[in-house]
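Hi,

Here is the structure I promised to pass on. Have a look at it first, and then read my notes underneath.

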Amino acid sequence: IDQMEAKLKEKVSKNINEAIIRNDAVLSSRPDKDIHVTKDELRDSWENQLHKKDIELAVARSKNKSKSHLTKSDYIAMACKAIHETQSAFKDNHIIDVALRLSRGEHVFEDIEKAFYEALRSGKIQQLATIQHNQRAKKFIEPLYSTPKMIEIERGIIESIRQGQRKLEPIVSRDIISEYIARDYGFYKNGQKKAIYAIFDRNNISSIQGKAGTGKTTMLGGAYNILKKEAPDHQMIAVAITGKAAEEIESKSGIPSQTIDSFLLSKVSSNECPKIIVIDEVGMLGSEKFANLIDRAKKENASIVCIGDKNQLLPISAGKIHRDIQEIGIPVVLMDEVLRQETPEMEKLVNDIVNYQNLNAPNGITTAISDLYMQGRFIKIKDDIERIRSITETFMAHPDRDNTLILTGLNNDRKLINDTIFNQMQDQGIVSNKTVKIKIKVPVPIMGVKKYFSSSYEIGNYAYVERMGKDVDLKLKPGQEIKI
């Protein structure tokens with residue numbers, strides 16, 4: 001293996017990860033499989049390693065296993081698609097690694113690497129730029145790559161944003177908005193007031209940047225009330241990545257809300273009046289889906305309002321839409337007055353962290369943690385049982401426990417704490433001793449390359465069909481529920 005690894009290091013690019021080279025050396029150093037071995041000989045060779053039941057299962061599976069019809073170039077294309085769900089650009093060693101995993105041993109490292117450079121020469125993959133690294137006093141440069149489709153998508157988004165500035169007639173005039181703010185929303189912070197003006201501005205695409213707790217949802221409720229009173233024929237729609245986020249927007253602001261996927265699959269409204277589409281937490285939105293929303297907004301005769309925090313969440317899909325919008329010079333409304341904290345100490349804590357994120361306070365995180373220590377808010381209990389007992393007692397004694405949430409990093413701890421609190425509530429007669437078991441469907445996000453592997457799923461999982469490929473011969477429809 002060591003000899004093979006040394007040979008590979010001489011052949012491949014210096015940018016290739018050493019772990020990948022080592023993996024390839026392990027694979028390449030193995031002797032070729034004897035395809036002429038009989039079933040009985042195979043059984044004999046396995047008997048010292050596996051139980052009889054496992055052998056029978058493996059042999060049965062081998063009868064049904066057929067070699068994939070995909071080529072090494074197909075695996076590079078699949079890797080591009082998988083990576084683009086989480087990143088717009090990628091390094092060469094990353095895509096080769098993903099393609100190798102997708103091929104499941106059908107191709108070795110050199111095959112996949114050759115396919116990558118063939119795609120690069122043919123233009124299916126393009127080099128974007130280079131990034132410079134400094135590691136242990138050594139400098140080296142790595143190229144970044146993308147696909148023509150993703151490059152075109154992101155250029156189109158930027159062009160749409162630039163061309164759409166100052167092109168609309170406001171649905172509600174600035175003077176009328178000022179009257180409403182003075183009469184009904186004078187208690188709003190400056191950032192909230194500016195955001196309402198931005199929603200009814202003349203831009204096709206507007207951006208509102210707000211940290212958690214700055215009153216974004218409250219502000220949306222005010223804007224929606226103004227629209228209903230002044231322009232009842234016009235619609236405001238909110239869309240979000242998850243159903244839970246959409247439900248929260250609708251319950252707190254009153255704006256009809258749905259997930260982005262369901263909105264894109266729905267029919268275009270017959271109402272031709274100008275509309276406003278609010279995208280919540282746009283920092284989580286990927287480039288391709290954002291481009292689809294821009295196209296849909298044109299069909300709906302709608303403007304788009306992007307709301308989120310460019311520092312709060314990494315995008316689930318390719319691109320950094322909210323950050324990019326702000327960096328190409330488009331006007332952005334900043335909501336930076338924190339409202340959600342109930343005590344001066346907590347408000348200072350959040351502001352220290354916000355200032356750190358905005359690069360205004362290099363020691364903001366250190367200051368915040370030090371303040372928490374000084375306030376006695378860190379309690380260390382090493383014994384697991386004693387710690388859970390203390391958490392339970394603190395929760396049960398809390399004057400507002402119905403609005404109190406316990407967070408834990410481990411799922412087993414969560415279950416144990418919940419069971420302990422529930423038992424205490426039963427003992428105290430707060431809840432009934434009668435137990436009813438119910439099944440709850442919990443979302444399991446599977447992104448990027450993971451969705452291609454059966455190991456990411458469990459028997460009994462449910463999935464929803466988003467779309468079907470033309471070459472897939474299955475009687476399924478978009479939106480249909482299936483069981484694994």
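Gly254 comes right after helix α12 and has a positive phi, near 85°. (Helices are DSSP runs of H or I with at least four residues, strands are runs of E with at least two, and both are numbered from the N terminus.) Bear in mind that this is a predicted model: local features need pLDDT of at least 70 and side-chain atom pairs pLDDT 80 or more, while totals for chains, interfaces and linings use all residues. Residues count from 1 along each chain as its sequence is written, and side-chain values use heavy atoms, without hydrogens and water.

Now α12 itself, residues 243–253: Ala246, Ile249 and Ser253 are buried there (under 20% relative accessible area with a 1.4 Å probe, protein chains only; exposed is over 50%, partly exposed in between). They sit on the same side of α12 because they cover an arc of only 65° around the axis, taken from the directions from the helix axis to the C-beta atoms. On the face turned away from that side you'll find Lys244, Glu247, Ser251 and Lys252, which are exposed. The cover over the buried residues includes α11 (216–230), β4 (236–240) and β5 (257–259), with contact meaning heavy atoms within 4.5 Å.

On to the cores. A nonpolar core is a set of buried Ala, Val, Leu, Ile, Met, Phe, Trp, Tyr and Cys residues joined through side-chain atoms within 4.5 Å. The largest has 32 residues, and Ile199 and Phe200 are among those with the most contacts inside it. α11 gives this core its largest share, six residues.

Cheers
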